[in-house]
Amino acid sequence: MRVLIHPTPELAIDCVSNLMIARLARQPDAVLGLATGGTMEAVYARLIAAHHAGRVSFAAARSFNLDEYVGLAPDHPCSYWTYMREHLFARVDFAAGCTALPRGDAADPEAEAARYEAEIAAAGDISLQLLGLGSNGHIGFNEPTSSLSSLTRIKTLTHSTRAANARFFDRFDDVPRLAITMGIGTILRADEVLLLAYGAGKAESAAAMIEGPLAAACPASALQLHRKVTVVLDEAA
Ligand code: GLP
């Protein structure tokens, strides 16, 4: 695990976006694993600016997002589909049909999870997986006690995760209780993993991820098993 600690969030964000741009320069047809959350908004803003400056193209790439809320259709304002459209997809040059998220409104969410897992495998798995970090140590929506070899499936969100994400919804009660998420096993199959966390609120989970025991209590600690992980932090995290 390579750990890069930057003095400020801005420098950590620059570092992550530059590593993504470098991977796409080496491998324009990379399969990107993408993340949502507040942390990634500035990363996507940097990628959009780099795209407009001619420094990066997504035209040959494709992408799979980590997760989606069960029950939210792609056009729901709080869905991760909407987040990705607004923060990245509508503003760079991905080819039509080359960006994927699970369908939160699928009639059979378990079948949708299995279908999504198979679609990722059929694409040859993820080349570069971008991750944020939950303050409880989750990656994607793999909450504490997730199986370390899990595949894409339905997870029940913890109260603390629903509370952390309530700021994106009108009311706490609107935050869905279930999500479809890539599993930890799915994430570990990625060729390369790039995790970004900043702010003091992430310090405890960052320490558990990097220095703690390998344990389902901190799902991100499973990244200790991966051969090519870069963790980018600011000093507060
Ligand atoms: C969310 C997402 C994760 C994200 C994490 C951190 O619940 N499912 O993919 O990395 O929580 O979110 P934030 O960046 O808003 O702190």
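**Exercise 1. The aromatic cluster**

Task: Identify the residues that ring pairs link into a cluster, and classify two of the pairs by geometry.

Solution. Ring pairs join Y44, Y69, Y80, Y83, F141 and F169 into a cluster. The model examined here is a predicted one.

Step 1. A search of the whole structure yields nine aromatic pairs. In the pair formed by Y69 and F169, the ring centres are 5.5 Å apart and the planes stand at 80°. Planes over 60 degrees apart count as edge-to-face, so the pair of Y69 and F169 is edge-to-face.

Step 2. Next, the two residues are placed in the chain. Y69 belongs to strand β4 (residues 67–69), whereas F169 lies in the loop between α5 (159–165) and β8 (178–181). The pair therefore ties together parts that are 100 residues apart in sequence. Y69 and F169 are both buried.

Step 3. The rings of Y80 and Y83 have centres 6.4 Å apart and planes at 70°, so this pair is edge-to-face. Y80 and Y83 are three residues apart in helix α3 (residues 80–87), and therefore about one helical turn separates them.

Step 4. Burial is decided by a relative accessible area under 20%. Y80 has 9% relative accessibility and so counts as buried. Y83 has a relative accessible area of 9%, so Y83 is buried.

**Exercise 2. The surroundings of helix α3**

Task: State which residues of α3 are buried, and name elements that cover them.

Solution. Step 1. The buried residues of α3 are Y80, W81, T82, Y83 and M84.

Step 2. The cover over these buried residues includes β2, α2, β3, β4 and α5.

**Exercise 3. The sheet and its packing**

Task: Give the strand order of the seven-stranded sheet, then describe the place of β2 beside β3.

Solution. Step 1. The seven strands form an open sheet in the order β1-β10-β9-β6-β2-β3-β5, with parallel pairing. At the edges are β1 (2–6) and β5 (99–100), each of which pairs on one side only.

Step 2. Helix α4 (residues 109–122) packs on this sheet and touches β3 and β5. The direction of α4 makes about 150° with that of β3.

Step 3. Strands β2 (residues 31–34) and β3 (residues 62–65) run parallel and are joined by four bridges. V31 stands opposite R62 in β3, and L34 stands opposite N65 in β3.

Step 4. Both faces of β2 are covered. V31 and G33 are buried on one side, and L32 and L34 are buried on the other.

**Exercise 4. The largest pocket**

Task: How much space lies in the largest pocket, and which element gives the most to its lining?

Solution. Step 1. The largest pocket holds about 400 Å³ of space.

Step 2. Its lining comprises 23 residues, and L133, G134, H138, N165 and K202 are those that lie nearest the centre of the pocket.

Step 3. The elements that give two or more residues to this lining are α2 (38–52) and α5. With four residues, α5 gives the most.

**Exercise 5. Three loop residues**

Task: Determine the contacts of R91, and then decide whether D125 is buried or exposed and whether T145 is buried or exposed.

Solution. Step 1. R91 lies in the loop between α3 and β5. Leaving aside neighbours within four places in sequence, R91 contacts I48, H51, H52 and E86.

Step 2. R91 and H52 are 39 residues apart in sequence, and their C-alpha atoms are 9.1 Å apart in space. The relative accessible area of R91 is 43%, so R91 is partly exposed.

Step 3. D125 is found in the loop between α4 and β6 (128–131). Although D125 is not a glycine, it has a positive phi of about 70°. Its relative accessibility is 17%, and D125 therefore counts as buried.

Step 4. T145 is located in the loop between β6 and β7 (153–156). The phi of T145 is near 85°, a positive value in a residue other than glycine. T145 has a relative accessible area of 65%, so T145 is exposed.

Key: Residues numbered from 1 in each chain as written. Predicted model: local features only at pLDDT ≥ 70, side-chain atom pairs only at ≥ 80, totals over all residues. Heavy atoms only, no water. Pairing = 2+ DSSP bridges. Contact = heavy atoms within 4.5 Å. Axes fitted to C-alpha atoms, helices over the stretch in contact; angles between N-to-C directions. Phe/Tyr/Trp six-rings, centres within 6.5 Å; stacked < 30°, edge-to-face > 60°. Buried < 20%, exposed > 50% of the residue type's maximum accessible area, 1.4 Å probe, protein only. 1 Å grid on protein atoms, 1.4 Å probe; cavity = no way out; pocket = protein on both sides within 12 Å on 5 of 7 lines; lining within 4 Å. Points joined across faces, edges and corners; volume = space filled by probe spheres on them.
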